[in-house]
Amino acid sequence: MTNRLPQSPLLGLTIAPDSQHIEPGEQAVFLLSIENKSREAQTQSLEIAGLSQDWYRVDFDARRRVFPGEQRSATLLVSVPRSEASAIHQFTVTVRAAGAESSVAGTLEVRGAVVAPAPPPPPEQPAEAPVPPPAVSLSPQEVSWQGQGEEVLRVNVRNNGEKETSYKLSIQGLQRGWFTAPSGLSVPRGQVRTAEVRIHPSARASQRDYAFKVIVTAEEGGARSEVESRLRVGAPAESPRAAGGGMAPISVQPEPAPTPRAQAAPVLPPEVTLGPRTTFHFGTGDVAAQAIITVQNRSRLIEGYTIAIEGIAEEWYDLPMTQVRLEPGASAQVPLRLTPRAGGTAVPSGEYRFRVRVAPHSFPDSFAEVGGVISIAGVAAFDARLTPVQTAGRKEKFKLTLLNTGGVPLSLLIEGSDPEGMCTFRYPPPPNLEPGEQAVVPIWVGARRNGFAGQPKALDVQFRVAPAGSTSTAARTFNARFVHEPFLSSRMLSLSALFAVLAMVIGMIFVLGTSKVSHAFTVISCGFDDDYREFSGGPVLVREKCGGAPIPCQKGFCAAIGETVVPTTPTARPSTPSPTAVATPTTGPPACVSAPDIGLAVGRNVTLREDARIRADAGVNQQIVGRGNNRPGVVVSGPKCVDNLVWWEVDSGLRGWTAERDENGVQLILPR
């Protein structure tokens, strides 16, 4: 009868091997290969039917998304309890993804002992005496090796027990490839047997003494004895020469003739295979792949084997079993999990070859190997760092550190910008970076503004780094601040102007003389004085030649300085200036009348200049409540004549009084 299991064309599933047989208490490993044959990404689930849930464990990530054409693997590890009887277990593995379903069948045969009725208990026998430790001696006591050939060390084992005993022979202190020794020795009671250990160190062994131990352990009871020895590795021996150039006499002691013995045939190498494939691909998102090492004993004796992985770092794989012991013709499967660091800085993309070596314990040179390949796809990745994040000056430098953290050569592009468009950027093109390579790119930032004098200005800048030809998602952006400081700040400019004025005054003193300088000071003071000057005495009102308001002074003083004298009542000094004494100045503030060409009136729409001051009431000494800032408004009252200026009340969102013109005749209220 054919067991038809569903197989979807969109989802591939295989199991290797599909049948195994084990003893109770042992483990069986099945490798599952799953392939997405559809054109869309899948989220897959796995189900095991036919096995007890406490028997198996599955290494499978159901949350991972599998892309079209991608193949993944999972490990099914089955552990059979020791108490389980012989039976054949048929089970099914099913994988599902987006409505697609595929299944495969597997078989696990458990070969347990046949349960028979318990025989009647035998009559009580006296307890046997424990097996005593054997007596062990070496011949020779020390071994000397001269760089070639091999040396023979004889191990004599005496059975001190009352029955024939099997012993295990082991050596500690020497590398495994330096000696060949039998794994066991059977000795009748009261007799002595000799085992030969052949010592053949590596040709690259250091020339020194190596201390080691020979350990003999009884298989029954575990009684053991050990004896220490020493291996002396020296240079190839040379015959000493006599002083006259001839050969020195050598005393040769007769040695007993060696006992002839048959040369033991070397152990057949095991058969080793690697499945389900020998090439393992790793791309973006792949972290592990599962493989199975199958070892078969081709010899006629029970043999132990050592399994080793060569060619890749230990961090790249997980091998839970490094020692197996097999009956003649038997085989074992050992799981191998490959976990290379795909795409990292220490692992560039490419192919990495490795070997699985399996060597028998009794004859390590009779090993077998199978090769494999780890193929890592190139992954482009980088890291970047900007220093400093803020700097100040006329033209400053930022440093952008770039590091290729991927597995392929990388070409990067740099772009600098600022929201106001006031900055200039200058930097060399970044070099191409090999995997793990780092470079520092300097970026000079300046400003498109007056660089000689003015206030500092803070400018926010942004740097963008992206691989050439990549999308914006692969880019990295850094924000920084550049404070542009002109050559002369406002404070420095004010101090410079002050020093210039002082220097000019001192120069005038030396060039013009005292009288002219005094006259120059009078002219300068008149130019800056628009208010009344207070002098004591005198009933006469005069006007300064340089302009300004009328001032009281004595007749004699005014005549002395050549001013025009306007006679007044000699007996009293007027408390306020006489209107008849006020003359229209040739220069100075405008008259206290509204300009007829402007046509300002209540209800007129106007615009307040940016530098217009809005006061709580009319008058230059009233509180300032705001500035015009070119805001539109409407005249609500006025005019008023205060402080020789025409004032209007304007509502521009901020209601207050503003002069129609300032002291210099500049129009502050503009009609619309």
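## An acidic side chain in a loop: D418

The side chain of D418 reaches the backbone nitrogen of G421 at 2.8 Å, and a polar atom of the same D418 side chain also lies 2.8 Å from the backbone nitrogen of M422. In this predicted model, D418 sits in the loop that runs between strand 32 (412-417) and strand 33 (423-426). If its neighbours within four places in sequence are set aside, D418 is in contact with C423, F425, D460 and V461.

Which side chain of opposite charge is nearest to D418, and how far away is it? It is that of R448, at 5.4 Å, and D418, although buried, has no salt bridge. A salt bridge requires a side-chain nitrogen of Lys or Arg within 4 Å of a carboxyl oxygen of Asp or Glu, and the distance of 5.4 Å to R448 is the one to hold against that cut-off.

## A second buried acid: E660

E660 lies in the loop between strand 44 (655-659) and strand 45 (669-671), and, like the aspartate described above, E660 is buried yet has no salt bridge. The nearest side chain of opposite charge belongs to R661 and is 4.3 Å away.

What does the side chain of E660 meet in a polar contact? The partner is the side chain of W648, and the polar contact between the two side chains has a length of 3.0 Å. W648 also appears among the residues in contact with E660 once neighbours within four places in sequence are left aside, and that list further includes S594, A595, I598, L600, V646, V666, Q667, L668 and I669.

## A buried threonine in a strand: T94

T94 has its place in strand 9, and T94 counts as buried because its relative accessible area is 9%, where buried means under 20%. The side chain of T94 is joined to the side chain of S103 by a polar contact of 2.9 Å. Beyond its neighbours within four places in sequence, T94 is in contact with S45, L46, E47, E101, S102 and S103.

The position of T94 also shows how residues that are separated along the chain can be compared in space: T94 and L13 are 81 residues apart along the chain, while their C-alpha atoms are separated by 8.3 Å.

## Loops with particular backbone features

A98 is found in the loop between strand 9 (87-97) and strand 10 (100-110), and A98 has a positive phi of about 50 degrees although it is not a glycine. Is A98 buried or exposed? A98 counts as exposed, because its relative accessibility is 82%. D643, which lies in the loop between strand 42 and strand 43 (645-651), likewise has a positive phi, of about 55 degrees, without being a glycine; D643 counts as partly exposed because its relative accessibility is 42%.

Two peptide bonds that lead into prolines are cis: the bond from G275 to P276 has omega near 0 degrees, and the bond that joins G638 and P639 has omega of about 0 degrees. P276 lies in the loop between strand 20 (271-275) and strand 21 (279-282), whereas P639 lies within strand 42 (residues 632-642).

G177 belongs to the loop between strand 14 (165-172) and strand 15 (179-180), and G177 counts as partly exposed because its relative accessibility is 43%. Computed along the sequence, so to speak, G177 and I199 are 22 residues apart, and in space they are 9.1 Å apart from C-alpha to C-alpha.

## A nonpolar patch on the surface

L498 has its place in helix 1 (residues 490-512), and L498 counts as partly exposed because its relative accessibility is 47%. Together with L495, F499 and L502, L498 forms a nonpolar patch on the surface, and the four residues have about 390 Å² of accessible area together.

## The chain as a whole

The secondary structure of the protein chain comes to 3 helices and 45 strands. Of its 672 residues, 35% count as buried, and the accessible surface of the protein chain comes to about 39900 Å², of which 52% belongs to carbon and sulfur atoms.

How many of the contacts between residues at least 6 apart in sequence join residues at least 24 apart? In the protein chain, 61% of those contacts do so.

Conventions
Residues are numbered from 1 along each chain as its sequence is written. This is a predicted model: local features need pLDDT of at least 70, side-chain atom pairs count only at pLDDT 80 or more; totals for chains, interfaces and linings use all residues. Side-chain values use heavy atoms; hydrogens and water are left out. Helices (H or I, at least four residues) and strands (E, at least two) are DSSP runs, numbered from the N terminus. Buried means under 20% relative accessible area, exposed over 50%, partly exposed in between (1.4 Å probe, protein chains only). Lys and Arg count as positive and Asp and Glu as negative; His and the chain ends are not counted. A polar contact is a pair of N or O atoms within 3.5 Å; within protein, one must be able to donate a hydrogen and the other to accept it, and residues adjacent in sequence count only if both atoms are side-chain atoms. Contact means heavy atoms within 4.5 Å. Patches are made of residues with over 30% relative accessible area and no salt bridge: like charges are joined within 9 Å, nonpolar side chains (Val, Leu, Ile, Met, Phe, Trp, Tyr) within 5 Å. Accessible areas come from the Shrake-Rupley method with a 1.4 Å probe; for residues, only the protein chains shown count as cover.
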